[in-house]
Structure formats: C-alpha cells, structure tokens
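Me: I should like to examine the charged side chains of this structure and the confidence assigned to the chain. Please reason briefly before each answer.

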Amino acid sequence: MLITQLKAKETIDALVVGKAFILNCFGCKEVYFPEKCATELQKELSDAGKVTGILTMDYICNPENLKLHLEARKDEIAAADVVLVFSCGVGVQTVAGLLEDKKVVAACDTLRLPGFQGVTPQEFDCDQCGMCFLNGTGGICPITACSKSLVNGQCGGAKNGMCEVDPNMECGWERIQKRLTKLGRLDILKNAPVQIRDYSTDDATKECKQSE
C-alpha cells in the first residue's frame, strides 16, 4: 500500500449493495493509511448489519500469502455481495485477480508517491492517480493495463486481443470487458457517464482529514 485516502463516505456506502466482506491492508502503514477514518466507517457498516467479516493483514499485494488468508475466510467471502478493499490500487487488483467470480471494489484512492509498488514484483501496477477507476472496470486498472491509459474504452487498434503499441501486451480493455462479462456487470460500461480524468488529484499532499 502507498499513500491512500478514503473515497467519500457517500461513494463507499453506494458500493456496499447488500453485504460486504472487508479487507484492510496495513502493510505500508508506515507510509500512510487513514486508519481512524476507515475504522469508524467500517463500524457503521457493521452496526448496520452489512458486514460478513473483516480481514486485516499486511501486504495484500503478496498473492501467495493473501490466497491463504482468503481461503481461510471463504465462507464469509461467499456470504458477501461485494469485497470492499481498503488498500492502494495494487492491493485491490491483487484481490480481484484471486476472486475472479466476486465483485471487488476499492474504498480508497491512491496518491502520488515516487518509489516502490508494493512489496512483491508482479503484474499489477498502480499509477497513483488519486482518482481510482477500479470500481468501474472490474478491478483492472485501465490506466496501467492500457498502453494509452484510456479510461473510456479501447482505442480500436487491438488485434487478436493484443495491444497495437505493445504486441506482447494483452489489450487492457478487452481484459476489462471479459471480467465484467463474467461478473454479469457489463452494463456498468454501457450506462456509466464519460469519466474525465482529474489530474489535480495526482497530489501526495492531500490527506485524510481526521481528528486525533
């Protein structure tokens, strides 16, 4: 996890349709994690009977370790309609990759911090744009999975599912389409308004405003 801030409470509430399994990552806590804000929000969801379980662990970007923890909580995950992840974009993508049949959503936005991307070298990446698109793309980042960082669909230049810029790279938007089709959520692309990327959110000086 890198520097994260919670999405607006209204946004998170809207993501929890039905019941949620909550996953917290404290691995990069020394960098920054809005723990107090997250704890208060999670308590509200729990008190409302919307939580099937909460898993807090270090470095969910480590897929081998995460897989073991998810397996141990599989009944709670199965009982949930959505997995709500409090981590950076790397962690959310790792969870989505392991839970291919479950709706996985990000509760945080990741802010710019030059340097490492999680603790384990792997295929997932986060551009730390401060405006996470993962909730509308099935847990696959369109900014890093697409060579052109397109946020509103593919360019049309892909051939046989491969990127025209990098023929060794699978088209990110074809991956997104397949993932949403598998989840039965393809309408999210058809009905969603055009998203304009807000580059002003790409700023590590923004922090969760929480009282001590």
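Me: With which side chain does glutamate 170 meet in a salt bridge?
Reply: This is a predicted model. At 35% relative accessibility, glutamate 170 counts as partly exposed, and lysine 178, at 49%, also counts as partly exposed. The N to O distance of the salt bridge is 3.8 Å, within the 4 Å cut-off, and the partner of glutamate 170 is lysine 178.

Me: Which side chain meets aspartate 109 in a salt bridge, and are the two residues buried or exposed?
Reply: The partner of aspartate 109 is lysine 7, with an N to O distance of 2.6 Å. Aspartate 109 lies in strand S6 (residues 108-110) and lysine 7 in the loop between strand S1 (4-6) and helix H1 (9-15), so the salt bridge ties together parts that are 102 residues apart in sequence. As for accessibility, aspartate 109 and lysine 7 are both buried.

Me: Which residues are linked with Lys9 in a network of salt bridges?
Reply: One salt bridge joins the side chains of glutamate 44 and lysine 9 at 3.4 Å, N to O. This pair links helix H2 (residues 35-47), which holds glutamate 44, to helix H1, which holds lysine 9, across 35 residues. Glutamate 44 counts as partly exposed at 44% relative accessibility, and lysine 9 likewise at 36%. The residues linked with Lys9 in the network are Asp13 and Glu44.

Me: How many salt bridges does the structure hold?
Reply: Side chains of opposite charge can pair when their charged atoms come close. Among the pairs here are aspartate 109 with lysine 7 and glutamate 170 with lysine 178. For the structure, the number of salt bridges is 10.

Me: How far from arginine 185 is the nearest side chain of opposite charge?
Reply: Arginine 185 lies in the loop between helix H7 (172-183) and helix H8 (187-191). Leaving aside neighbours within four places in sequence, arginine 185 is in contact with Lys103, Asn135, Gly138 and Leu180. Arginine 185 is buried yet has no salt bridge. The nearest side chain of opposite charge is that of aspartate 187, at a distance of 10 Å.

Me: Over which residues is the pLDDT below 50?
Reply: The mean pLDDT of the chain is 85, and 86% of its residues reach 70 or more. Where pLDDT is low, the predicted coordinates should not be read in detail. The stretch with pLDDT below 50 has 20 contacts in the model beyond near neighbours in sequence, and it covers residues 204-212.

Methods: Residues numbered from 1 in each chain as written. Predicted model: local features only at pLDDT ≥ 70, side-chain atom pairs only at ≥ 80, totals over all residues. Heavy atoms only, no water. Helix = DSSP H or I, 4+ residues; strand = E, 2+ residues; numbered from the N terminus. Buried < 20%, exposed > 50% of the residue type's maximum accessible area, 1.4 Å probe, protein only. Lys, Arg positive; Asp, Glu negative; His and termini not counted. Contact = heavy atoms within 4.5 Å. pLDDT = per-residue confidence, 0-100.
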